[in-house]
Amino acid sequence: MNSPHTCTTSTSASASASAGSPARLLASGPAAQTPAGLVGDTPLLWVGEPFTTAGHGFWAKLEGHNPGGIKDRTALYMVARARERGELLPGAPIVESTSGTLGLGLALAGVTFGHPVAVVTDPGMEPLMRGLLTAYGAELHVVTEPHPVGGWQQARREEVDQLLATRPDAWCPDQYHNPDNVAAYAPLAHELIAQLGRIDTLVVSVGTGGHSAGIGRVLRGFFPALRIVGVDTCGSTIFGQPAAPRLMRGLGSSIYPRNVDYALFDEVHWVAAGEAVWSARALARARYATGGWSVGAVALVARRLAASSAAETRIAAVFPDGPQRYVGTVFDDAWCRTHQLLGQEPADAPDELAHPGERVVARWSRCATVLDPLAGTARTAVEERGLAGVAR
């Protein structure tokens, strides 16, 4: 395993090789017969100082190197499995709710397998994302009012139901509850094992619960002592906090997705929008690799875990996408100023909660007791393992 600071390629040699030189002709790279073939085998980047404490750092899995982001994996997998089972007939439409990234993945799956795609979103979707979805042939539906209890997320799901009622042959992936959304991420877990060899801590954002469960279950099978840290947003209900309006997209939820595997998590962190903005921007300046809300929140938590762990601890953090779609939000001073998100440098450590319902959190906070709202029980991760055993 190379050290974090070892470069395995000669940038000077590659720079001197002109496009027509023999060295250039011998160069190899990814080649694919279909756009789906470009998904997966994403790179891993060492994130160290100055973003982290000197001598400490973590490895970032850069899922933004997929054509559309991390959800390319699950969109392709869910569509392929539905076709195999006969649930999605050839040429039939696909209809789903999305805040953005899954929409890109479904557009990719539509092109790959020959299905029209309709996505339901809300006014919070960035203009860039709307433009990309339209360019890739997706039909866009934007709800205009949030649900009084379930917010924009529930409003989108109700619009999906209405569209399905008018299109009897249509299929909905139901990303929040579809177990294929979890199974789709086993290859990502195997990539991490091949790239790192050993993983001590996994840091993942939690929204639908798909990639946290899919990666975590596989890694826990290889590394029974693996520490799994979930990252949520303030105002999300997933881990027992009350619902509140949320600026952050791509993580968090106003409903309780069945794909969230609460028993996997050793702890959960909630991150506020301004803190995620600070982290995403600091990460960009320090490592030239960043993303939006989820990446900022995950990086903040991984940074703290690296600082508080032994230097040899191998921490893997999953970055779901890249920065492009956030140029008008996370990386736009005027937009951030309007939403009072600038200048919110996080504390050195999160607030601590003994129980997720202890109080409403409004800044970066941590809890080692994980609550499953669907089961109505709260158990620490250690107690959960004692009940279930290390093999899950």
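**Exercises on helix α3 and the open sheet**

In this predicted model, 11 of the 15 residues of α3 are buried, so the helix is largely enclosed by the rest of the structure.

**Exercise 1.** Identify the buried residues of α3 and the elements they pack against.

*Solution.* Begin with the cut-off: buried means under 20% relative accessible area. Lys-71, Asp-72, Arg-73, Thr-74, Ala-75 and Leu-76 meet it, as do Met-78, Val-79, Ala-80, Arg-81 and Ala-82. Next, look for their partners: these buried residues pack against strands β2 and β3 (94–97) and against helices α4 (101–113), α7 (180–183) and α8.

**Exercise 2.** Check the length of α3 against the expected span, then inspect the residue just after the helix.

*Solution.* The expected span is 1.5 Å times one less than the number of residues. For the 15 residues of α3 (residues 71–85) this gives 21 Å, and because the end C-alpha atoms are 21 Å apart, the two values agree. Just after α3, Gly-86 has a positive phi of about 80 degrees.

**Exercise 3.** Trace the open sheet and find its edge strands.

*Solution.* Eight strands follow the order β1-β2-β9-β6-β7-β8-β11-β10, with mixed pairing. β1 (44–47) and β10 (351–353) each pair on one side only, which makes them the edge strands. Within the sheet, β6 (residues 201–205) pairs with β7 (residues 227–233) in the parallel sense over five bridges. Val-204 stands opposite Gly-230 of β7.

**Exercise 4.** Place helices α8 and α10 on the sheet.

*Solution.* Helix α8 (residues 186–196) lies across β1, β2 (58–62), β6 and β9 (315–319), at about 135 degrees to β2. Helix α10 (residues 273–287) touches β1, β8 (267–271) and β9, and its direction makes about 100 degrees with that of β1.

Technical notes. Residues numbered from 1 in each chain as written. Predicted model: local features only at pLDDT ≥ 70, side-chain atom pairs only at ≥ 80, totals over all residues. Heavy atoms only, no water. Pairing = 2+ DSSP bridges. Helix = DSSP H or I, 4+ residues; strand = E, 2+ residues; numbered from the N terminus. Contact = heavy atoms within 4.5 Å. Axes fitted to C-alpha atoms, helices over the stretch in contact; angles between N-to-C directions. Buried < 20%, exposed > 50% of the residue type's maximum accessible area, 1.4 Å probe, protein only.
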